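Reader: I should be grateful for a close look at a single part of this structure, namely any enclosed space in its interior, together with the elements around it. Please proceed step by step, as I am in my first year.

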Amino acid sequence: MIWLSVVAFLVSVLTAGAIVRWARGHAAVYGEDVPQRHHAGDVPRLGGIALLLGMVVAWGLGVAQTQWWGDPGSLRLGIWVGWWALAMLPAVVGGIAEDITQRLTVRYRLALTAASAAIAVWALGLEVPRLGWAWLDPMLPSMPWLGVSLALLAVAGLPHAFNIIDGYNGLAGMVAIIVCLALAHVGLQVGDRSMAALLVTAAAASGGFLCWNYPRGLLFAGDGGAYVWGLVVALASLALVQRNADVSPWFPMLLLIYPVWETLFSIYRKAARGQSPGTADALHFHQLIFRRIVRPAVEDSEARQLLSRNNRTSPYLWMFAALSVVPAVLFWNRTLILALFCLLFVVTYVMAYLMIVRFKVPRWIRP
């Protein structure tokens, strides 16, 4: 498992370095007036290529070790891993195409993530086998469409949730690393080494990307990178719950409550204002942190001020995400506690959001 992580990291960091070296000129096509822009200069958004390549190479070597070279570490990686990679391709390729052309609409990207979800659910037999409630779970076998529908929704939706929180240097990448390692930890707790191996290598590939993304922002993940993270985490969450009866379905829910609730709250907020959910704006929680809390650094150029502000924003959100990750890891098999923490996070998020909007910044979030 360790050597596969080293491979994933090296392939990702070297590929990312090559993109930074040779793709910077293309980044000049990106718009200067979009609300999500919080950096100066031309920065490539092709980090998804480095992430995907790092993961796929490491996964391929892991399958080769299991199938043909002997498996002293008992990774038990089979041909099914190939279906993971194949299922990711429609969404990730579409995301990278958008990063290159800036012409793929939200509707088409939603269709491509839905296609990835359909391939994954069909080829891997994924579903949500239980919801963790004793009064409801006995009825699920009579409604197989419900478990499949929830799986499709999770795989199709989570990539867009990661895309929404991907706004500042290191933000989505570090959240992805934390989530992958938390899932891997629970996988090892229940003896699911194959799932842990996939997740640790995914975290290592993300670490290779972050070497170029944080703190200097020389490379962005783009839509392609966000889709890689969302798909890997969604597939792993579903598989971990489905393959291990001890893992509560509310464990991944609490683990991912930050990007999931950010997405749901964003949809509600835009609908209340009569806007399409696909409309870009600058009112996400991380953008409010940037504008209302992070103080401008005293530097000698506007570009350096933007870089300093950008870098100082992400740690606030890392700590905010940890509010859900820590209890999720501690109580991964306790459904009631996990559900209560989900509710607590939602209440905390809404209160903090409203206070920041009204310029009443909570003391616990001040610098």
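**The interior and its surroundings**

Author: In the protein chain, 75% of the contacts with a separation of 6 or more are between residues 24 or more positions apart; a contact means heavy atoms within 4.5 Å. The model is predicted, so local features need pLDDT of at least 70 and side-chain atom pairs count only at pLDDT 80 or more, while totals for chains, interfaces and linings use all residues. Residues are numbered from 1 along each chain as its sequence is written, and side-chain values use heavy atoms, with hydrogens and water left out.

The chain as a whole comes before the part requested. The protein chain holds 13 helices and zero strands, where helices (H or I, at least four residues) and strands (E, at least two) are DSSP runs numbered from the N terminus. Of its 367 residues, 53% count as buried. Buried means under 20% relative accessible area, exposed means over 50%, and partly exposed lies in between, with a 1.4 Å probe and protein chains only.

Now to the enclosed space. Rolling a probe the size of a water molecule over the atoms shows where empty space is left. A search of the whole structure yields one cavity of 30 Å³ or more. A cavity is a set of points on a 1 Å grid over the protein atoms alone where a 1.4 Å probe fits but cannot get out, and its lining residues have an atom within 4 Å of a point. The largest cavity contains about 40 Å³ of space; grid points are joined across faces, edges and corners, and the volume is the space filled by probe spheres set on the points.

Which residues line the largest cavity? They are Val175, Ile178, Val179, Leu255, Tyr258, Pro259, Ala321, Ser324 and Val325. Helix H6 (171-189), helix H10 (257-272) and helix H12 (302-330) are the elements that give two or more residues to this lining. By type, the lining has eight nonpolar residues, one polar residue and no charged residue. Here Ala, Val, Leu, Ile, Met, Phe, Trp, Tyr, Cys and Pro count as nonpolar, Asp, Glu, Lys and Arg as charged, and the others, Gly among them, as polar.

Helix H12 also contains Ser314, which is buried with a relative accessible area of 0%. The C-alpha atoms of Ser314 and Val175 are separated by 9.7 Å, although these residues are 139 apart along the chain; Val175 is one of the lining residues. Not counting residues up to four places away in sequence, Ser314 touches Tyr168, Asn169, Gly170, Leu171 and Tyr214. Of these, Asn169 has its place in the loop between helix H5 (144-165) and H6. Asn169 is buried too, with a relative accessible area of 2%. Its C-alpha atom is separated by 6.0 Å from that of Asn311, 142 residues away along the chain.

Helix H6 deserves a further look. Leu188 lies in this helix and is partly exposed, with a relative accessible area of 42%. Leaving aside neighbours within four places in sequence, Leu188 is in contact with Met1, Arg193 and Ala196.

Arg193 begins helix H7, residues 193-213. Of the 21 residues of H7, 18 are buried, so this helix is largely enclosed by the rest of the structure. Its 21 residues should span 30 Å at 1.5 Å a residue, and its end C-alpha atoms are indeed 30 Å apart; the expected span is 1.5 Å times one less than the number of residues.

Beyond H7 comes an unusual bond. Most residues other than glycine have a negative phi, and most peptide bonds are trans. The peptide bond from Tyr214 to Pro215, however, is cis, with omega near 10 degrees. Pro215 lies in the loop between H7 and H8, and Tyr214 is among the residues that Ser314 touches.

Helix H8 (residues 222-243) has 22 residues, for which the expected span of 32 Å agrees with end C-alpha atoms 32 Å apart. In H8, 20 of the 22 residues are buried, so the helix is largely enclosed by the rest of the structure.

The loop between H8 and helix H9 (250-255) contains Val247, which is buried with a relative accessible area of 1%. The C-alpha atoms of Val247 and Val186, 61 residues apart along the chain, are separated by 8.1 Å. Apart from residues up to four places away in sequence, Val247 touches Arg130, Val186, Val190, Leu240, Val241 and Trp332.

Key
On a 1 Å grid over the protein atoms alone, a cavity is a set of points where a 1.4 Å probe fits but cannot get out, and a pocket is an open set with protein on both sides within 12 Å along at least five of seven lines; lining residues have an atom within 4 Å of a point.
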